[in-house]
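Please open the model in a viewer and keep the sequence at hand. The tour below proceeds from one selection to the next.

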Amino acid sequence: MHHAIDERAKAESARWYVIQCKGGESFRAAEHLVNQAYEVFHPVLEVQRKRRGRLTWVEEPLFPHYLFIRLDRLASNWRPIRSTRGVLRLVCFGNEPLAVDDGLIEALRRGASREEAQANHYFRAGEPVTIIEGPFQALTAVFERHKGEERAIVLLDLLHRRQRLEMPVAQLQSQR
């Protein structure tokens, strides 16, 4: 019984803090911190990016250059954090490490799982898109829907009429 109370007290004294990572190294920092047995939260998004003319899914950090780490003011060993590969510094306010509200982390975790469920759509219906290659290059169209992974149906105003065209998704660029 006494052990359970100690564990609960320890859990209540642990807080989430913010780590600033070196440019483009948040994945490396997260990996090295986890290897050192730290509890880390590194929210990522699945996004589609063009690679050699094809759309591919890649993970990108929700907060580029930042991740969260759960530490206890007394029990955690804070010293190795600064020398961990990819870590620039622990974010401080004055001389105090900046603690983040647990509610924010929970909201981000819930949001991330919802985002993953909706991540299969690169373009949204009704969204204006620019055609970036092919015979209609530089024209603006309205995205209607995906047709498989690599094709899309767009609406394009041609000859005073709205035409429905099918084209490769890779030829479209969001105007967002």
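**A tour by selection**

Select Arg 70 to begin; this residue is located in strand β5, strands being DSSP runs of E with at least two residues, and helices runs of H or I with at least four, numbered from the N terminus. The model is predicted, so local features need pLDDT of at least 70 and side-chain atom pairs count only at pLDDT 80 or more, while totals for chains, interfaces and linings use all residues. Residues are numbered from 1 along each chain as its sequence is written, and side-chain values use heavy atoms, with hydrogens and water left out.

Arg 70 counts as buried because its relative accessibility is 19%; buried means under 20% relative accessible area, exposed over 50%, and partly exposed in between, with a 1.4 Å probe and protein chains only. Now add Asp 102, whose side chain is joined to that of Arg 70 by a polar contact of 3.5 Å. Such a contact is a pair of N or O atoms within 3.5 Å; within protein, one must be able to donate a hydrogen and the other to accept it, and residues adjacent in sequence count only if both atoms are side-chain atoms. Add Ala 14 as well: its backbone oxygen lies 3.4 Å from a polar atom of the Arg 70 side chain.

Remain in strand β5, which spans residues 66-72, and select Tyr 66. With a relative accessible area of 33%, Tyr 66 is partly exposed.

Turn next to the aromatic rings. How many aromatic pairs does a search of the whole structure find? The search finds four. Display Trp 16 and Phe 41: their ring centres are 6.5 Å apart and their planes stand at 70 degrees, so this pair is edge-to-face. Rings of Phe, Tyr and Trp (its six-membered ring) pair if their centres lie within 6.5 Å; planes under 30 degrees apart count as stacked, over 60 as edge-to-face and the rest as tilted. This pair links distant parts of the chain, with Trp 16 in strand β1 (residues 14-21) and Phe 41 in strand β2 (residues 39-41), 25 residues apart.

Keep Phe 41 selected and add Phe 68; the ring centres are 6.1 Å apart and the planes at 25 degrees, so the pair is stacked. Phe 68 belongs to strand β5, 27 residues from Phe 41. Phe 41 is buried at 9% relative accessible area, and Phe 68 is buried at 7%. To complete the view, add Phe 63, which ring pairs link with Trp 16, Phe 41 and Phe 68 into a cluster.
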